[in-house]
Structures are given as C-alpha cells and as structure tokens.
Amino acid sequence: MRLSVFFLLYVHLHAVYCAGFQFVTCGSVLKLVNPASGVRLHSHEVKYGSGSGQQSVTGVKQADDANSYWTVKGRHGEHCTRGEPISCGSSIRLQHLNTRLFLHSHLFSSPLSGNQEVSCFGSGGNEGGDTGDNWTVECDTGEWRRDDAVRLRHSDTKGYLHVSDRTYGRPINGQREICTVSNKSTQGVWKAMEGVYLEPENKNL
C-alpha cells in the first residue's frame, strides 16, 4: 500500500485534535460510509472486466482499509479554497487518495445489478478526468457537516451514488457493488467518517 504508517498516524491524531470542527471542507481527506449497509466507499487497482473497463469502485466493511480514503476537490475545471466548507447543492469531485483517480459515472451498465456503473477515472493527476467526475452534494444544513447524512448525485446523469445488494466474487471477494440509481433510498445515504478535515486558513485562533 502506498500510504505510510506516518500518514495513518497523522490521520488518527488530527481527527482527534480537530474533533470540534464540524464541517467537510475542500482538501479534506475522508472516508464515506453508507450507514444502512455499513460499507465504506472504496477503490483499488482492479479494473472492471466489462462495461468501461475502468478502475472499479466497491464498498467494504473494513473500517481500517487505506484504500477507502478520498480527497475533496472542486468540480471539474474549477478550484475550491482549501479549508472552505462544502455548501449543500454544490458540485465536487472525490479523488481516490492512493490511485489519484476521480470517482466517476457514465452510461455504462454496472456489472452485477445492471444499474449505472461507477468507476474511478482520470490521468492520475489533479486536472485529469471530465465532467463525469462531478457530484452534487444534497443536504439540508446549508453546509456539509461531518455528522450530516448526505446524498451524492451525479451531476451529468442525475443518478444517486448507491450500494447495491450484489456482492463480488474473486478477485474482490465479498465487496459490495457501488452504482448509481435514479431513486432515493437508504442505500444512497452517506456520512463522513475517519479522515483529516482541513479548517479555514483564516480561522481566528
């Protein structure tokens, strides 16, 4: 794994230190859990054998898997200010920390349920990808709070990020399929969990 022990220790200590800061912000590195299924949004260097053939996105039960970290970025073609809270209704990208590809969707069918495929896409840099990497944050609190239950709606196709009831076999045995669907359900609700949450740089100390 590419993440060092020092980074993981930093994540733990920083999360404890900043426990009073309650917002998800630009540049934050976090894990997302679907409370209904108990799985965290995950990716890895395993490609789909069908559909787009891009890097697969799954859901895993293991809370300590380093491949479940994502960095919050501005929408495609735009930058957001580090430490700035993410507003409800705004569009963001989620960049997989280890592979540096972006959470993505498009009109390919997902391999198990036949819903809409979710993949990781891009060139491995900050500017790779396209508008298929944009996700709209749906919440009711004005700004995305760390304890909020939110939905992530794909900005291009309008599908909701969703945990299907299907499970993969080898080589990713036991991992859940992640897809998008047109309807809202508890399988499409996400909460921010472990991570490093950046505070505004001009915050008064």
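The legends below describe close-up views of a predicted model.

**Figure 1. Overall view of the chain, with one helix and twelve strands.** The helix comes at the N-terminal end of the order of elements, and the strands follow it, giving α-β-β-β-β-β-β-β-β-β-β-β-β. The chain holds 205 residues, and 50% of them are buried. Among contacts between residues at least 6 apart in sequence, 65% join residues at least 24 apart. The accessible surface of the chain is about 9,700 Å², and carbon and sulfur atoms account for 50% of that area.

**Figure 2. The largest nonpolar core, a set of 32 residues.** Leu-41, Leu-103 and Leu-161 have the most contacts inside this core. At least two core residues come from each of these strands: E1 (29-34), E2 (39-47), E4 (70-74), E5 (91-96), E7 (116-121), E8 (135-138) and E10 (160-167). In soluble globular proteins, nonpolar side chains tend to be buried together.

**Figure 3. Surroundings of Leu-161, one of the residues with the most contacts inside the largest nonpolar core.** Neighbours within four places in sequence are left aside in this view. The contacts of Leu-161 then include the other two leucines named for the core, Leu-41 and Leu-103. Val-118, Trp-135, Leu-152, Ile-178 and Trp-190 are also in contact with Leu-161. The remaining partners of Leu-161 are Cys-179, Thr-180, Gln-187 and Gly-188.

**Figure 4. The largest pocket, with a volume of about 250 Å³.** Its lining has 16 residues, and those closest to the pocket centre are Cys-26, Gly-27, Val-72, Lys-73 and Arg-82. Strand E4 supplies four lining residues, the largest share. By class, the lining of this pocket consists of six nonpolar, five polar and five charged residues. Strand E4 also supplies at least two residues of the largest nonpolar core.

**Figure 5. The second largest pocket, with about 160 Å³ of space.** Of the 13 residues that line this pocket, Cys-80, Ile-86, Ser-90, Ser-91 and Ile-92 lie nearest its centre. Strands E4 and E5 are the elements that give two or more residues to the lining. The lining of the second largest pocket is made up of four nonpolar, five polar and four charged residues. Strand E4 thus appears in the linings of both pockets shown here, with four residues in the largest and two or more in the second largest.

Notes:
Residues are numbered from 1 along each chain as its sequence is written. This is a predicted model: local features need pLDDT of at least 70, side-chain atom pairs count only at pLDDT 80 or more; totals for chains, interfaces and linings use all residues. Side-chain values use heavy atoms; hydrogens and water are left out. A nonpolar core is a set of buried Ala, Val, Leu, Ile, Met, Phe, Trp, Tyr and Cys residues joined through side-chain atoms within 4.5 Å. Buried means under 20% relative accessible area, exposed over 50%, partly exposed in between (1.4 Å probe, protein chains only). Contact means heavy atoms within 4.5 Å. Accessible areas come from the Shrake-Rupley method with a 1.4 Å probe; for residues, only the protein chains shown count as cover. On a 1 Å grid over the protein atoms alone, a cavity is a set of points where a 1.4 Å probe fits but cannot get out, and a pocket is an open set with protein on both sides within 12 Å along at least five of seven lines; lining residues have an atom within 4 Å of a point. Grid points are joined across faces, edges and corners, and a volume is the space filled by probe spheres set on the points. Ala, Val, Leu, Ile, Met, Phe, Trp, Tyr, Cys and Pro count as nonpolar, Asp, Glu, Lys and Arg as charged, and the others, Gly among them, as polar.
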